[in-house]
Each structure stands twice: as structure tokens, then as C-alpha cells.
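Reader: I have just opened this one and have never looked at it before. Could you walk me through it slowly?

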Amino acid sequence: MTPLDPWGAVRAAAYSHYPASALPVEAAFGAHTRGGWLAARRDGGVLVPGGSATLAIWQAESTGPSGLPDVAPGRDLPRCLATLVDGRIAFDVGLF
């Protein structure tokens with residue numbers, strides 16, 4: 001069980017206590033983003049031109065080879081700077 005923490009969930013899936021069950025970071029990220037929308041039987045999780053933006057903007061201290069944040073154990077997880085829901089600002093730390 002992990003707390004409701006998006007990057008913590010990606011870390012838990014990529015660095016499982018059971019190494020045979022671990023996913024690559026890219027697969028864990030995809031499962032947590034697009035997979036969550038599919039599980040909810042909703043269309044979303046992908047940004048497309050002309051689509052309404054539902055997204056979060058994150059600040060990461062470092063990135064791995066894939067360009068995703070480095071979520072290895074012991075690393076600081078990304079911090080949310082803003083969240084948009086259907087193109088409207090829902091949360092903002094002063095970015096906008």
C-alpha cells in the first residue's frame with residue numbers, strides 16, 4: 001500500500017520490494033497516467049492539440065535517461081507547481 005502520491009506510486013511500481021514485479025519507470029509512469037484514465041473508463045491521460053488540458057506541472061530535481069524524473073529510492077520526488085482541469089487552473093503555487 002502506498003499513500004495517494006503520484007510519484008510515490010511510480011517509485012513503488014518501479015522499485016518494488018519484489019524485484020521480479022518491478023516495472024521500468026516508463027511503464028510505471030504510463031500505468032499511473034493513461035492507465036488511471038482507462039481504469040476509470042474515461043478518455044484522457046494524453047495531451048493532444050485542440051484537446052482540453054487536464055494536467056499537472058511538476059518540478060523535478062533530476063531526471064533519468066528517459067527524461068522522466070529520477071524516482072529512485074532516496075531521491076527527492078517531484079513537487080507539484082500547478083494543476084489544470086479542463087484547461088482551468090485548479091492549483092497554483094504562483095507559476096501563473
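**A first walk through the fold**

Author: The protein chain has 3 helices and 3 strands, and please keep in mind throughout that this is a predicted model.

Reader: Okay, and what pattern does the protein chain follow when read along the sequence?

Author: Read in that direction, the pattern is α-α-α-β-β-β. The C-alpha trace of the protein chain spans about 40 × 30 × 25 Å along its principal axes.

Reader: What share of the residues of the protein chain counts as buried?

Author: Of the 96 residues in the protein chain, 18% count as buried.

Reader: Then which residues make up the largest nonpolar core?

Author: That core consists of 7 residues in all, namely W7, V10, A14, V25, A28, L68 and V71. The elements that give two or more residues to this core are helix 1 and helix 2, and helix 1 gives the most, with 3 residues.

Reader: Let's switch to the strands. In what order do they sit in the sheet?

Author: The 3 strands form an open sheet in the order 1-2-3, and their pairing is antiparallel. Strand 1 and strand 3, the latter covering 88–92, stand at the edges with a single partner strand each, so one side of each has no neighbour in the sheet.

Reader: And by how much are neighbouring strands turned against each other?

Author: On average, neighbouring strands of this sheet are turned by 20° against each other, with direction ignored.

Reader: How many bridges are there between strand 1 and strand 2?

Author: Strand 1 and strand 2 pair in the antiparallel sense over 5 bridges. If you would like to follow that pairing in the viewer, look for A56, which stands opposite T83 in strand 2, and for W58, which stands opposite C80 in strand 2.

Reader: What about strand 2 and strand 3, how many bridges there?

Author: Strand 2 and strand 3 pair over 4 bridges, in the antiparallel sense. Here A82 has D92 in strand 3 as its bridge partner, while the bridge partner of L84 in strand 3 is I89.

Reader: How many residues lie between the strands in the hairpin of strand 2 and strand 3?

Author: That hairpin has 2 residues between its strands, and D86 takes a positive phi near 50° in it. This is a positive value in a residue other than glycine. D86 lies in the loop between strand 2 and strand 3, and its relative accessibility is 46%, so D86 counts as partly exposed.

Reader: Where is R41 found, then, and what is its phi?

Author: R41 is found in the loop between helix 3 and strand 1, and R41 has a positive phi of about 55° although it is not a glycine.

Reader: Is R41 buried or exposed?

Author: R41 counts as exposed because its relative accessibility is 79%, and the cut-off for that class is over 50%.

Reader: New topic: how much space lies in the largest pocket?

Author: About 940 Å³ of space lies in the largest pocket. Its lining is made of 30 residues, and those nearest the centre of the pocket are T33, W37, T54, L55 and A56.

Reader: Which elements give two or more residues to that lining?

Author: They are helix 1 (6–14), helix 2 (25–32), helix 3 (34–39), strand 1 (55–59) and strand 2 (79–85). Helix 1 gives the most to the lining of the largest pocket, with 4 residues, and you may recall that helix 1 also gives the most to the largest nonpolar core.

Reader: And how does the lining of the largest pocket divide by class?

Author: By class, the lining of the largest pocket has 17 nonpolar, 10 polar and 3 charged residues.

Reader: One last residue: where is the place of G30?

Author: G30 has its place in helix 2, and with a relative accessibility of 27% G30 counts as partly exposed. From C-alpha to C-alpha, G30 and P6 are 12 Å apart in space, and in sequence they are 24 residues apart.

Definitions and conventions. Residues are numbered from 1 along each chain as its sequence is written. This is a predicted model: local features need pLDDT of at least 70, side-chain atom pairs count only at pLDDT 80 or more; totals for chains, interfaces and linings use all residues. Side-chain values use heavy atoms; hydrogens and water are left out. On a 1 Å grid over the protein atoms alone, a cavity is a set of points where a 1.4 Å probe fits but cannot get out, and a pocket is an open set with protein on both sides within 12 Å along at least five of seven lines; lining residues have an atom within 4 Å of a point. Grid points are joined across faces, edges and corners, and a volume is the space filled by probe spheres set on the points. Ala, Val, Leu, Ile, Met, Phe, Trp, Tyr, Cys and Pro count as nonpolar, Asp, Glu, Lys and Arg as charged, and the others, Gly among them, as polar. Two strands pair if DSSP finds at least two bridges between them. Axes are lines fitted to C-alpha atoms, for helices over the stretch in contact, and angles run from 0 to 180 degrees between N-to-C directions. A nonpolar core is a set of buried Ala, Val, Leu, Ile, Met, Phe, Trp, Tyr and Cys residues joined through side-chain atoms within 4.5 Å. Buried means under 20% relative accessible area, exposed over 50%, partly exposed in between (1.4 Å probe, protein chains only).
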